[in-house]
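Let's take a walk through this one together. Keep the 3D view open and follow along as we go from the inside outwards.

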Amino acid sequence: MISSACRGSLKSLCSVQLRSNTRQHASLISCNNSPNVKRFSTAFSSQTDGEVLTVGGALSGEEPIHETGEWAGCKRSFMIPIRISVRGTDILLDPLYNKGTAFKTGERDRLRFRGMLPHRIMNIHLQKERFLQALRAEDSNIRKNVMLEDLHDRNETLYHRVLVDHIEEMAPYIYTPTVGQACMEFATRYRRPRGMYFTEEDRGHMAAMVYNWPHRDVHVICVTDGSRILGLGDLGANGMGIPIGKLALYCAAGGIAPHRVLPVVFDAGTNNEALLQDKYYLGVQRKRLKGAAYFRMMDEFMDAVRFRWPNVLVQFEDFSSEVAQTLLDRYRDDHLCFNDDIQGTGATTLAGVLGALRAKGEEVTSLGDQRIVIAGAGSAGIGIAQVLMQAMEEQGRTPEEAKNAFYILDQNGLLGTDRANDLNAEQRVFVRSADNNLSLMDVVKKYKPTILLGVTTVGGLFTGDLIREMHSSCERPIIFPLSNPTNKAECTAEQAYEWTNGQCIFASGSPFDTIEFEDGRVFYPSQCNNMYVFPGLGLGASVCGAQKVTDRMLYVAAETLANFVSKKDMEEGRLFPQLTRIREVSHRIAVAVVEEALREGLATKVKPADANDLDSFVGRKMYFPEYVPLVEKREISI
């Protein structure tokens, strides 16, 4: 039923819809009565620029939720349909459009697959309930990952609705820690294509290849070369599970529509001997490209994706330390891109450290007074140090004062001037003039750190003796074992709390369960996970058309995240918000990033009217997974 306020505008509206040739996604707006999701706007509708087109007025009143029939659980009101070029059973095989048993009778008729589905019509809430019942009956985390990806491959709307409504429960299955095992088993579990693969054999063809991707409005690309997957090392093309998982979080946590993301493997080969000999491995089975050949291939890839999608954000993910910083420096000024392992990890850790200082009762401006030991001098460790150092300078410290707060160690010990020639340019910034190669224990004994960060992927590196030594000179040590998956963590939450008698302030890269002491104290370990930052950062940079991602954008993202933590969270020992609020966090960070882009003159898509209400501007752009009506695209002449 269409209200009278709508009828006068339907003719012009329909003419606009008939002219539109933008491929649109079927999971945008319909039933919405989920109590778990705060929405910042009416959500998406059929669109060409991400904005909602609202139809109808106040005279028609609020549409009630129906309780019976095929519309049970839904509002039977006007919704702009999505025009699609496929019909019949092809729709049921396309995960972007498929609603499974939720197709209404009218759709089954007009889309020409009546009789191809069981009679009973369900809604998205019943579908979700049925799926969760099956998922929760499964004990194996990797099996849960497979079940979720099977759903992803047949019904993207329902998949993302499950994630949005149950993100705290689902995140460990689609990303860390389970995604590590999923990557290791990628070749044997491979079912259907998702994403794109670029190899050396594609040189000269990449500008044409990108047109094989069926979606014309890609906003975010997550690309890996598989050379350093989590703490598992070189997994080559098996690393595709990482971009797929990251982009699922972009959709669920950051509100980027699924048809606007593209997972990519930059397959330059692998140095993993087991994969080179594995008859089931699906990637390029030869040694990795190095040097100029590698960078020529990457140059062509970056030029190709930017040519087809000029405003696309490229997120570099899980590149080895040998190339990660070089790639970032090579493209960051000319392309909209960032490296999540360097910049995302740094920003998330900064937010956690600022929260930890508040938990200790200290001002966040005391960051420059801390003594910070970082175990691990790869791209993540140096990236964290860079972001923390920039934050200290933002707070008024000189570069020299900020640099002196750090003690960074690699596998040989403390980075010192004696071996500066063996280090890269980013590592040389943090070398100490004394105590070259000093061991981790001796660094803790001599310099008495207040903050200990681990990014080594060496499980158990932080021993009881080490943590007790740190605690002996610091009443409330800040301890962040950030390596993942879980078996690579430098220590567990239970160990850290036990060795400090519950006095430490703890966050980790992988999730740990709540800790209960015999005296009744309860601790809620925080997960210092990049998913708190990158979805909001990507959303903000994308919707405002930022020309590049700057260090200031990362700083304001971290500051916004730190400020989002409530007093109740801190009382429970949490340094990060509960994951159930991740969409609110992403919205807030995106607004801060857009504000910073405007300050720096880098925003190209924000109109003056939008700049006056950025909360609404960003909220209108956020995707929410719901079913909308589908109609076959036809040429109509009047």
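**Starting from the core**

Pick out Ile408 and look around: leaving aside residues up to four places away in sequence, Ile408 touches Ile374, Gly376, Ala377, Ile382, Ala385, Gly413, Leu414, Leu415 and Phe430. Bear in mind that what you're looking at is a predicted model. Ile408 belongs to the largest nonpolar core, which counts 114 residues, and is one of the five that touch the most other members, along with Leu148, Leu350, Ile374 and Phe406. Helix H16 is the top contributor to this core, giving nine residues. There's also a second, separate core of 34 residues, with Leu289, Phe295, Met298 and Tyr331 among them. As a general backdrop, nonpolar side chains in soluble globular proteins tend to be buried together.

Now step back to the sheet. Seven strands form an open sheet in the order S9-S8-S7-S10-S11-S12-S15, and the pairing is mixed. S9 (413–414) and S15 (526–527) are the edge strands, each pairing on one side only. At the S9 end, S8 (residues 406–410) and S9 pair in the antiparallel sense over two bridges, and Asp410 has Gly413 in S9 as its bridge partner.

Move along to S7 and the sense of the pairing is parallel: four bridges join S7 to S8, with Val373 standing opposite Tyr407 in S8. S7 also pairs with S10 in the parallel sense, again over four bridges, and here Ala375 stands opposite Gly454 in S10. Which way do the side chains of S7 point, and are they buried or exposed? Ile372 and Ile374 point one way, Val373 and Ala375 the other, and all are buried. That's the alternation between the two faces of the sheet that side chains show in a regular strand.

What lies across these strands? H16 (residues 379–394) lies across S7 (372–375), S8 and S10 (451–454), running at about 175° to S8. Helix H20 (residues 464–473) packs on the sheet too, touching S10 and S11 (478–481), and its direction makes about 155° with that of S10.

Next, follow the chain out of S11 into the loop that leads to helix H21 (493–499), where you'll find Ser483. This serine is buried because its relative accessible area is 4%, under the 20% cut-off. Its side chain has polar company: the side chain of Ser483 reaches the backbone nitrogen of Thr457 at 2.8 Å, and a polar atom of that side chain lies 3.2 Å from the backbone nitrogen of Thr456. Not counting residues up to four places away in sequence, Ser483 touches Gly454, Val455, Thr456, Thr457, Lys488, Ala489, Glu490 and Ser510. Gly454 should ring a bell: it's the S10 residue opposite Ala375.

Finally, have a look at two helices. H11 (residues 241–254) has 14 residues and spans 19 Å from first C-alpha to last, close to the expected 20 Å. H11 is mostly covered, with 14 of its 14 residues buried, and is followed by Gly255, whose phi is positive, near 75°. H25 (residues 582–599) has 18 residues and reaches 26 Å, close to the 26 Å expected. H25 is mostly covered as well, with 14 of its 18 residues buried. A glycine comes after this helix too: Gly601 follows H25, with a positive phi near 70°.

Definitions and conventions
Residues are numbered from 1 along each chain as its sequence is written. This is a predicted model: local features need pLDDT of at least 70, side-chain atom pairs count only at pLDDT 80 or more; totals for chains, interfaces and linings use all residues. Side-chain values use heavy atoms; hydrogens and water are left out. The expected span of a helix is 1.5 Å times one less than its number of residues. Buried means under 20% relative accessible area, exposed over 50%, partly exposed in between (1.4 Å probe, protein chains only). Two strands pair if DSSP finds at least two bridges between them. Contact means heavy atoms within 4.5 Å. Axes are lines fitted to C-alpha atoms, for helices over the stretch in contact, and angles run from 0 to 180 degrees between N-to-C directions. A polar contact is a pair of N or O atoms within 3.5 Å; within protein, one must be able to donate a hydrogen and the other to accept it, and residues adjacent in sequence count only if both atoms are side-chain atoms. A nonpolar core is a set of buried Ala, Val, Leu, Ile, Met, Phe, Trp, Tyr and Cys residues joined through side-chain atoms within 4.5 Å.
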